[in-house]
Amino acid sequence: MQTRNESMRSVPPPFTLANICAQSPEQMCGFCKVIVPDRNTSSWDKNDPAVQWLDYERIDYYPDLPGLAASASAGCGLCRLFRETILENWGNPHVAGLEEHRPVRITDIHFVSKQFERGGKAVSLDAQQGRMIYALTVTVTLHDSEGPDEETHDISMILCFACFDTLDLNSSMQQHRRRLPSLSTLSDENIQLMKRWIQECQTNHRACYTLPDSWMPTRLLDVGSDDESGSMMPRLIETANTLMDSRMFIALSHMWGDMTVSPPLRSIRSNYETMKDGVAPSSLPRNFADAVSVCRCLGVRYIWIDSLCIIQDSPEDWAHEAKLMHKVYRNAVVTVVATSATSSHDGFLQRHIASVPAVRLSYSLGNSGCQSLIICPNEYAQGRTGPNPELDVGINCSRWNTRGWTMQERILSTRLIHFCKNLICFECRTCMVTEENVSMAWERDDAVAKLDLWPRSDHLSREPKTAGPSNLAPDIEALYRKWMATLEEYSFRQLTKQSDKLPAMQSIAAEMSLVVDDTYIPFAGMWLGNLKRELLWQSLPPLPIQRPESYGAPSWSWASAGSDVRWLGKKLDNGIEMPTIQYSFDVLDHGNQHPKCKVYNYLEVEGFTKSISRIVPTGSSLSSLSGWRSVEYYFQFSLQIVDSDEAHVKFGSARLDLKDYVPREGAQLLYLHITERYPSGLLLERSDTTEPIWFRIGIASIFTVGAGKEIGEILFTCGNYQKIILI
């Protein structure tokens with residue numbers, strides 16, 4: 001038996017984005033007549049000038065919303081759209097289990113606009129009066145109680161509608177002109193728009209500029225020239241042995257999907273020569289076929305697709321090509337992203353504009369004459385607040401953006417075109433914009449806190465402000481911070497092969513090595529010159545029970561965590577009195593195999609240490625929000641030492657890397673001091689060998705507000721300054 005929502009979805013809406021422009025404007029009821037976009041500055045919120053609040057409030061009743069139904073039957077298109085959208089979005093168990101005839105309050109309706117600026121100041125341009133109106137937001141609350149004295153469990157949701165005002169659609173200025181989404185992804189309008197995006201970026205975006213480079217990938221898929229595209233089969237070419245009519249190529253970023261069910265077409269040793277003869281269109285997965293169509297429409301003859309341009313069953317070829325991926329995405333004229341596809345067989349060009357309900361209204365204000373306003377649900381924004389739902393939901397929260405390999409594909413690309421559901425979006429280091437001409441550029445403000453495209457080395461300053469070995473150029477210092485933020489984001493992502501954890505980051509490291517005068521440690525995924533910070537990573541819950549062996553990373557590397565990682569990096573509280581004598585932490589050596597000991601992927605350091613007698617749980621819980629800023633919240637174990645009276649006293653606090661970890665009976669434990677921050681060092685356990693070899697079991701903090709001076713004195717007067725080997 002169909003539910004109400006399933007029944008509604010099975011009947012096509014009478015007016016949709018596909019046909020709304022051909023329809024006459026619908027009438028509005030008494031409630032909806034106030035929903036008019038008044039561009040007069042005085043009608044917009046003084047505290048938030050992008051918002052215009054409307055005097056709209058009505059009460060209806062769940063589940064049938066008879067008030068909206070009656071108004072819709074009387075001809076109010078907006079009431080019809082509100083009712084359909086509310087019922088569509090409330091098809092969930094929280095609402096379905098409630099008793100009927102519960103009041104529904106519809107209120108807090110407001111328009112959202114983007115103000116135009118010049119030189120940091122708002123400007124008024126033509127009839128648009130300095131703003132583009134792009135959204136209408138509605139708050140709907142289902143009350144679980146009728147009486148004021150009853151306990152309530154109200155359920156609220158925010159509905160967001162896209163708006164297309166004729167004043168914006170007909171703007172004389174192209175950069176401020178609103179666009180309705182095209183019925184076809186590769187419509188003539190969208191093809192010209194994509195070409196304009198690319199050309200504008202190449203010509204005017206200084207932050208996106210790269211020095212001319214004649215480098216080409218080892219292999220490309222030749223899709224044919226414009227006059228051949230109708231008859232020529234795509235074929236794999238070796239660029240060094242092919243006379244090419246252009247050095248421009250496109251790169252494809254996509255999800256492979258479930259390799260055990262239906263893997264994508266791949267180049268392997270047994271079919272390699274056949275692939276060079278030609279690839280039958282019928283054998284191309286939909287993502288690949290769609291990417292070929294995009295290439296031909298954009299007039300670019302060649303495309304790089306990872307599964308085709310790397311011989312997948314050749315470890316030597318794979319290792320060689322994996323090191324060059326940063327050059328692929330840097331030099332591609334654009335990266336085509338199958339953002340909406342979850343496997344190589346989904347495709348990303350299909351659209352369903354004809355199923356998106358819409359309403360067209362008319363209004364007249366002042367000297368603007370009679371205008372019309374098209375409103376439709378924004379599928380990316382339902383239940384969400386804040387700007388740029390297309391970026392948030394369509395791109396950042398897409399399945400594609402959860403994969404490990406796609407991270408470097410995104411942040412290393414010079415520019416990208418995302419093919420989202422019913423929408424294409426352009427992304428580069430200067431701007432983000434949708435085909436509807438909604439700018440998402442303000443999401444780029446904090447490149448460290450948020451995932452952002454990797455800065456081009458051509459524009460970074462390598463010179464410090466002051467002389468001295470400890471002074472880094474501001475851009476280089478920011479790059480180290482960005483590297484750590486990138487690792488944090490990357491640790492959340494998923495990999496089909498866990499052995500790819502370090503290889504999937506090596507291209508970002510290669511791009512960074514163009515700027516920083518530092519040594520990258522490939523078996524650890526860390527920078528030698530930044531180890532004092534990078535060593536102090538912490539595992540986030542849920543903690544693993546044991547380290548995943550398939551990573552092959554040493555215990556001191558973030559890649560060995562088997563969980564999401566973070567860096568606290570908090571400075572010491574002002575109330576802590578630091579000891580006057582401070583000892584350095586130095587890295588002496590690192591490598592795949594120690595020259596004297598039979599250990600691999602080691603790090604030899606020299607620093608101040610203190611033997612730990614035992615680790616005791618503090619009893620604090622991560623589930624408790626009380627005191628979440630305290631050291632005890634992050635460090636749930638107490639480190640104890642034996643004092644001169646043979647008593648166990650607290651020396652510091654620790655956070656273990658593994659869940660329910662218990663050191664071996666009789667094992668030696670050691671605190672290694674690294675920095676005057678918290679966490680301040682590592683908690684180590686001695687390996688079960690005759691050699692002085694240690695492995696990491698957690699991070700530690702010896703500085704707290706209550707005991708900073710006392711603990712500091714214990715360390716710096718009773719500790720040992722020694723060399724140790726970490727594995």
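**Helices, sheets and selected residues in a predicted model**

Gln408, Ile411 and Leu412 in helix H13 meet Gln506, Ser507, Ile508 and Glu511 in helix H15, where contact means heavy atoms within 4.5 Å. Helices (H or I, at least four residues) and strands (E, at least two) are DSSP runs, numbered from the N terminus. This is a predicted model, in which local features need pLDDT of at least 70 and side-chain atom pairs count only at pLDDT 80 or more, while totals for chains, interfaces and linings use all residues. Residues are numbered from 1 along each chain as its sequence is written, and side-chain values use heavy atoms, with hydrogens and water left out.

The axes of H13 (residues 404–412) and H15 (residues 506–513) come within 9 Å and cross at roughly 30°. Such axes are lines fitted to C-alpha atoms, for helices over the stretch in contact, and angles run from 0 to 180 degrees between N-to-C directions. H13 and H15 are therefore roughly parallel to each other; angles under 35 degrees count as roughly parallel, over 145 as roughly antiparallel, 65 to 115 as roughly perpendicular and the rest as oblique.

H15 is largely enclosed by the rest of the structure, because six of its eight residues are buried. Buried means under 20% relative accessible area, exposed over 50%, and partly exposed in between (1.4 Å probe, protein chains only). The buried residues of H15 are Ser507, Ile508, Ala509, Ala510, Glu511 and Met512. Besides H13, these buried residues pack against helix H10 (315–322), helix H11 (325–331), helix H14 (474–491), strand E18 (520–521) and strand E19 (526–527).

The chain as a whole gives the setting for these elements. The protein chain holds 18 helices and 32 strands, and buried residues make up 53% of its 727 residues. Among contacts between residues at least 6 apart in sequence, 69% join residues at least 24 apart. The chain exposes about 33,100 Å², of which carbon and sulfur atoms supply 49%; accessible areas come from the Shrake-Rupley method with a 1.4 Å probe, and for residues only the protein chains shown count as cover.

One open sheet has eight strands in the order E9-E8-E11-E10-E12-E15-E16-E17, with mixed pairing. Two strands pair if DSSP finds at least two bridges between them. Strand E9 (235–238) and strand E17 (432–434) stand at the edges, each with a single partner strand, so one side of each lacks a neighbour in the sheet. From one strand to the next, the twist averages 30°. At the E17 edge, strand E16 (residues 423–428) and E17 pair in the antiparallel sense over three bridges, and Phe426 stands opposite Val433 in E17.

Two helices pack on this sheet. Helix H6 (residues 188–204) touches strand E12 (334–337), strand E15 (415–420), E16 and E17, and its direction makes about 5° with that of E16. Helix H8 (residues 286–298) touches strand E8 (219–222), strand E10 (249–253), strand E11 (302–304), E12 and E15, and its direction makes about 150° with that of E10.

Ser182 lies in the loop between helix H5 (166–169) and H6. With a relative accessibility of 9%, Ser182 counts as buried. Leaving aside neighbours within four places in sequence, Ser182 is in contact with Ser187, Glu189, Asn190, Arg351, Ile353 and Glu435. The C-alpha atoms of Ser182 and Asn422 are separated by 8.3 Å, although the two residues are 240 residues apart along the chain.

Further along the chain is strand E24 (residues 600–612). Eleven of its 13 residues are buried, so E24 is largely enclosed by the rest of the structure. Six bridges join E24 to strand E23 (residues 586–593), and the two run antiparallel; a hairpin of six residues connects E23 to E24. Within this pairing, His590 has Leu603 in E24 as its bridge partner. E24 also pairs with strand E32 (residues 720–726) in the antiparallel sense over seven bridges, where the bridge partner of Glu604 is Ile725. Another antiparallel pairing joins E24 to strand E28 (residues 669–673) through four bridges, and Thr609 stands opposite Leu672 in E28.

A final site is His143, found in the loop between strand E6 (131–142) and strand E7 (155–165). Leaving aside neighbours within four places in sequence, His143 is in contact with Arg102, Pro103, Arg105 and Asp154. The side chains of His143 and Asp154 make a polar contact (3.2 Å). A polar contact is a pair of N or O atoms within 3.5 Å; within protein, one must be able to donate a hydrogen and the other to accept it, and residues adjacent in sequence count only if both atoms are side-chain atoms.
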